[in-house]
Amino acid sequence: SRIGTGQVSGTEDQKVATSTPFHLRGYRYYQGARVVNAERTAEYRILGVAGGAVIDTQAHPDVTAEKLEAEFPVGTWFDVYDYGVGDEVVWPLAVSVTQVSSTTYKVTAPGNVTLSLPKSAKTRVASH
C-alpha cells in the first residue's frame, strides 16, 4: 500500500517538508493517506502533499514542528501509505454468474459467496 517515499528536508507545524517530487500531488491522490517515519514509530493522516506531507490538523491538532523534527529528522526518509492503522479497507472481489441454461447457473468466485437464484434453478458445487 506504499504510494510514495520522500526525504525529509525539514519540518513545520503540521508538515514534514521534502524536495522529493511527488508527481501525483495536486490531484488529491494523497489526501487521507498516512505518512510514516523511517523508524516506523510515527504515523499521521495527511491532507495531501505540497512541498511535503501536510498533516491533517483535525486528526492531529497538537502536532508541532518540534515534535515532527524529533520523529522525522532531516535527511531521513519517510513513506506515504494509502491506508493505515484504524482505516477501513474494502477489498472488492470479482464474482461471475453465468446462466448456462434456462435453469442452470455457473458461479465463479475466489471464495465462498451467497447467491439468490430463482426457485427453479439447479445448483451444483464444482470441485477446485
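Two strands count as paired if DSSP finds at least two bridges between them. Strands themselves are DSSP runs (E, at least two residues), numbered from the N terminus.

The model on screen is predicted, so local features need pLDDT of at least 70 and side-chain atom pairs count only at pLDDT 80 or more, while totals for chains, interfaces and linings use all residues. Residues are numbered from 1 along each chain as its sequence is written, and side-chain values use heavy atoms, with hydrogens and water left out.

**Stop 1: the hairpin.** Select residues 96-101, which form β7. Five bridges join β7 to β8, and the two strands run antiparallel. Add T104 in β8 and find S101 opposite this residue. Two residues make the hairpin connection from β7 to β8.

**Stop 2: the surface patch.** Show the side chains of L93, V95, V97, V107, V113 and L115, which make a nonpolar surface patch of about 490 Å². Patch members have over 30% relative accessible area and no salt bridge, and nonpolar side chains (Val, Leu, Ile, Met, Phe, Trp, Tyr) are joined within 5 Å. A salt bridge here is a side-chain nitrogen of Lys or Arg within 4 Å of a carboxyl oxygen of Asp or Glu. Areas come from the Shrake-Rupley method with a 1.4 Å probe. L115 sits in the segment after β8 (104-108).

**Stop 3: the barrel.** Now select β1 to β6. Six strands form a closed barrel in the order β1-β2-β5-β4-β3-β6, with antiparallel pairing. Neighbouring strands of this sheet are turned by 50° against each other on average, direction ignored; axes are lines fitted to C-alpha atoms, with angles from 0 to 180 degrees between N-to-C directions. Look at β1 (residues 2-12) beside β6 (residues 77-81), where five bridges make an antiparallel pair. On these strands, G6 stands opposite F78 in β6.

**Stop 4: the core.** Which residues touch the most other members of the largest nonpolar core? Among its 18 residues, they are V35, Y44, I46, F72, F78 and V80. β4 (43-49) is one of the strands that each supply at least two residues, and the largest share, three residues, comes from β4. Such a core is a set of buried Ala, Val, Leu, Ile, Met, Phe, Trp, Tyr and Cys residues joined through side-chain atoms within 4.5 Å.

**Stop 5: two loop residues.** Most residues other than glycine have a negative phi. Select Q14, in the loop between β1 and β2 (15-18); its phi is positive, about 60°. Q14 is buried (under 20% relative accessible area), at 15%. Finish at R40, in the loop between β3 (34-36) and β4, with phi near 65°. R40 is partly exposed (between 20% and 50%), at 45%.

Technical notes. Patches are made of residues with over 30% relative accessible area and no salt bridge: like charges are joined within 9 Å, nonpolar side chains (Val, Leu, Ile, Met, Phe, Trp, Tyr) within 5 Å. Helices (H or I, at least four residues) and strands (E, at least two) are DSSP runs, numbered from the N terminus. Buried means under 20% relative accessible area, exposed over 50%, partly exposed in between (1.4 Å probe, protein chains only).
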